[in-house]
Amino acid sequence: MALAGAAHAGKFEFRVTGVKRSDMLNIRERVDDQATISQKKILGRIPANSGGVYGSGATLRVGSSRWYEIRYKNVRGWVNGRYLQPVSSDLGSELESNLFCGGTEPFWALKVERNTAELSRPDGPPVRYSVAIREPFQGRKDALALRLVSEAAPAISALVQHKEWCSDGMSDLEYAFEVRIIGLKTGEVPLHGCCSLLR
């Protein structure tokens, strides 16, 4: 997937801030316990004042710090959010990104990549969809409407909206986007969950 350039920078594109010029920001493999963060594997390092740091919208509160799941060049991992500054407050480019959404009771997942989507649930095989409509709500930059059509199942609609913070109900992670899916088979209740950006 081509990522947005500087001219289309969004809320989850970051620049490193607050790091000494001679130092670097560590990208950690995991961050689940404040006491052991310094012992977690370092996957990469980001030079001070660097840009091109892309967040997925997934975060984790560890102690008094909020850690962000990011990608820098070809490295994916976690960095302390206190050292990240958004390049923009605009969400436009984020809502053009690929998405991974999920929820619980029962567990389900929706993956949206370009013009296709796949809904997975434990009670049957995944259903593949084409993205027939993908557009922001009138006058809104924080909400996206998706219409997904399939030859194997009824068409469904998904509303993705920026929300700080959405809990998936199954982990300590929080996400920047909430999703509601309607139009499933007769008798099936709408789905509710959270989304992150596939970057």
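1. N49 has a relative accessibility of 43%, and because partly exposed residues are those between the 20% and 50% limits, N49 counts as partly exposed. This residue sits in the loop that links β3 (42–47) with β4 (53–62). Although N49 is not a glycine, its phi is positive, at about 65°. Please keep in mind, here and in every point below, that the model is predicted.

2. R114 makes a useful companion to N49. R114 is likewise a residue other than glycine with a positive phi, in this case near 50°, and it is located in the loop between β9 and β10. With a relative accessibility of 55%, R114 lies over the 50% limit and therefore counts as exposed.

3. The surroundings of R114 deserve a careful look. Strand β9 (residues 108–113) and strand β10 (residues 116–121) are paired in the antiparallel sense, with five bridges between them. Within this pairing, E113 stands opposite T116 of β10. The two strands form a hairpin with two residues between them, and it is in this hairpin that R114 takes its positive phi.

4. Strand β10 also has a partner in β11, and these two strands run antiparallel and are joined by five bridges. T116, already met opposite E113, stands opposite S130 of β11 as well. β10 and β11 form a hairpin too, with two residues between the strands.

5. S120 belongs to strand β10. Is this residue buried, exposed or partly exposed? Its relative accessible area is 25%, and since the range from 20% to 50% is called partly exposed, S120 falls into that class. Leaving aside residues up to four places away in sequence, S120 touches F107, W108, A109 and P126. S120 and F12, by contrast, are 108 residues apart in sequence, and their C-alpha atoms are 27 Å apart in space.

6. V127 is part of strand β11, which covers residues 124–136. Which residues does V127 touch, if those up to four places away in sequence are not counted? They are A117, E118, L119, S150 and A153. V127 and G103 are separated by 24 residues in sequence and by 16 Å in space, again from C-alpha to C-alpha.

7. Turning to the protein as a whole, its secondary structure consists of 15 strands and zero helices. Among the contacts with a separation of 6 or more, 50% are made between residues 24 or more positions apart. Buried residues make up 42% of the 199 residues.

8. For the overall dimensions, a compact globule of 199 residues would have a radius of gyration near 16 Å, and the protein has 18 Å, so the value agrees with that expectation. When the extent is taken along the principal axes, the C-alpha atoms fill a box of roughly 60 × 35 × 25 Å.

9. The last point concerns surface and charge. The accessible surface of the protein is about 10900 Å², and carbon and sulfur atoms account for 47% of this area. The protein carries 27 positive and 22 negative side chains, and the centres of these two sets lie 7 Å apart.

How values were computed:
Residues are numbered from 1 along each chain as its sequence is written. This is a predicted model: local features need pLDDT of at least 70, side-chain atom pairs count only at pLDDT 80 or more; totals for chains, interfaces and linings use all residues. Side-chain values use heavy atoms; hydrogens and water are left out. Helices (H or I, at least four residues) and strands (E, at least two) are DSSP runs, numbered from the N terminus. The radius of gyration is taken over C-alpha atoms; the globule rule is 2.2 Å times the number of residues to the power 0.38. Buried means under 20% relative accessible area, exposed over 50%, partly exposed in between (1.4 Å probe, protein chains only). Contact means heavy atoms within 4.5 Å. Accessible areas come from the Shrake-Rupley method with a 1.4 Å probe; for residues, only the protein chains shown count as cover. Lys and Arg count as positive and Asp and Glu as negative; His and the chain ends are not counted. The place of a charge is taken as NZ of Lys, CZ of Arg, CG of Asp or CD of Glu. Two strands pair if DSSP finds at least two bridges between them.
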